[in-house]
Amino acid sequence: GFGQLGLGDSNHRGDASREMGANLLFVDLSGQTVRHVSASSSHTCVALDNDRIKCWGDNTAGKLGIGNLTDKGAAPTDMASLPYVATEAVFSLTPLRVTASTSHSCVHFADNSLKCWGENAFGALGLEETTDHGDGVGPMGDGLLFIDLGANALELSSGYNNNCAILATGEVKCWGDNLQGQLGQDNTFVRGDGLFEMGSSLAAVAF
């Protein structure tokens, strides 16, 4: 419905006969090889072999990271002209994995650092503020800060308005929306939307 299949229209695929197999088109990524792909309910992100990232589909709150709120993927020319996500002004870091959640997107770099963009009302971007990034208001590129978890992140998983990471220390830390206790802190306080909530101040989940 938002063009998240990247096929230049908003038609569903897989719900009728003769839509799969050889009839299912490849996504146009200008000849680049995909290292990793992640799909949410309304948008898709890929890490490519040229150390760049592309996202398409629903662009609410700038979760495509292209500096505006325009959905991409549903118009015939969208994919051929799809811009890269500006995670770095100088693309010196290799993105290993991407995560596309309902509200935001994240990248896990080869040096085990993290960046997220999109909706930030609950601090899901881990920047100790609530400004959305990727929509043309909050900075991207080198202006988009790395997430401080107090240690390198070995794995990352993104939920609706929150994230969790496995750290090199063996700990798990989660931040963002906590209205249902999804951060594992025995309370419902949001983490990542205010000063002094990340880094060493962010408690690990007690298992």
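Where is Leu-183 found? Select Leu-183 and have a look: you'll land in the segment after strand E9. Keep in mind along the way that this is a predicted model.

**Stop 1: Leu-183**

Show Leu-183 with a surface switched on. Is Leu-183 buried or exposed? Leu-183 has a relative accessible area of 0%, so Leu-183 counts as buried. Now pick out the company around Leu-183. Not counting neighbours within four places in sequence, Leu-183 is in contact with Asn-162, Cys-174, Trp-175, Gly-176, Asp-177, Asn-178, Phe-189, Arg-191 and Val-205. Try a distance label next: Asn-162 sits 21 residues away from Leu-183 along the chain, and the two C-alpha atoms are 7.9 Å apart.

**Stop 2: the largest nonpolar core**

Trp-175, which touches Leu-183, also takes you to the next stop. Select Leu-114, Trp-117, Leu-149, Ala-165 and Trp-175 together. These are the members that touch the most others in the largest nonpolar core, which has 29 residues. Which strands supply at least two residues each to this core? Colour E2, E3, strand E4 (95-100), strand E5 (104-109), E6, E7 and strand E8 (162-167), and you have them. There's a broader pattern behind this stop: in soluble globular proteins, nonpolar side chains tend to be buried together.

Zoom in on Ala-165. Leaving out neighbours within four places in sequence, Ala-165 is in contact with Leu-114, Leu-149, Ala-153, Glu-155, Leu-156, Glu-171, Val-172, Lys-173 and Trp-175.

There's also a second, separate core, with six residues. Select Val-46, Trp-56, Met-79 and Leu-82, which are among them.

**Stop 3: a three-stranded sheet**

Val-46 leads on to the sheet, so leave Val-46 highlighted and switch to cartoon view. Here three strands make an open sheet in the order E1-E2-E3, with antiparallel pairing. Strand E1 (34-39) and strand E3 (53-57) are the edges, and each of them pairs on one side only. Neighbouring strands in this sheet are turned by 15° against each other on average, ignoring direction. As a bit of background, strands of a sheet pair through backbone hydrogen bonds, either parallel or antiparallel.

How many bridges link E1 and strand E2 (residues 43-48)? Count five, in the antiparallel sense. To see a facing pair, select Val-37 along with Val-46: Val-37 stands opposite Val-46 in E2.

**Stop 4: salt bridges**

Time for some charged side chains. The whole structure holds four salt bridges, and you can visit three of them here.

- Select Arg-35 and Asp-51. Their side chains form a salt bridge at 2.7 Å, N to O. This pair ties together distant parts of the chain, with Arg-35 in strand E1 and Asp-51 in the loop between E2 and E3, 16 residues apart. Arg-35 is partly exposed at a relative accessible area of 40%, and Asp-51 is partly exposed at 22%.
- Select Asp-9 and Arg-13. The salt bridge between their side chains spans 2.9 Å, N to O. Asp-9 counts as partly exposed at 21% relative accessibility, and Arg-13 is partly exposed at 26%.
- Select Asp-58 and Lys-63. Their side chains meet at 3.2 Å, N to O. Are these two residues buried or exposed? Both Asp-58 and Lys-63 are buried.

**Stop 5: Pro-95**

From Arg-35 and Asp-51 you can step across to Pro-95, which is in contact with both. Pro-95 lies in strand E4. With a relative accessible area of 1%, Pro-95 is buried. Besides those two, the contacts of Pro-95 beyond four places in sequence include Ala-47, Ile-53, Val-107 and Phe-109. For a longer jump, label the distance from Pro-95 to Val-137: their C-alpha atoms are 24 Å apart, with their positions 42 residues apart along the chain.

**Stop 6: two positive phi angles**

Which angle should you check at Glu-128? Look at phi: Glu-128 has a positive value of about 60°, although Glu-128 is not a glycine. You'll find Glu-128 in the loop between strand E6 (114-118) and strand E7 (153-158). Glu-128 is partly exposed, at 22% relative accessibility.

Finish at Phe-196, another non-glycine residue with a positive phi, here about 65°. Phe-196 is in the segment after strand E9 (172-176). At 68% relative accessibility, Phe-196 counts as exposed, because the cut-off for exposed is over 50%.

Conventions
Residues are numbered from 1 along each chain as its sequence is written. This is a predicted model: local features need pLDDT of at least 70, side-chain atom pairs count only at pLDDT 80 or more; totals for chains, interfaces and linings use all residues. Side-chain values use heavy atoms; hydrogens and water are left out. Helices (H or I, at least four residues) and strands (E, at least two) are DSSP runs, numbered from the N terminus. Buried means under 20% relative accessible area, exposed over 50%, partly exposed in between (1.4 Å probe, protein chains only). Two strands pair if DSSP finds at least two bridges between them. Axes are lines fitted to C-alpha atoms, for helices over the stretch in contact, and angles run from 0 to 180 degrees between N-to-C directions. A nonpolar core is a set of buried Ala, Val, Leu, Ile, Met, Phe, Trp, Tyr and Cys residues joined through side-chain atoms within 4.5 Å. Contact means heavy atoms within 4.5 Å.
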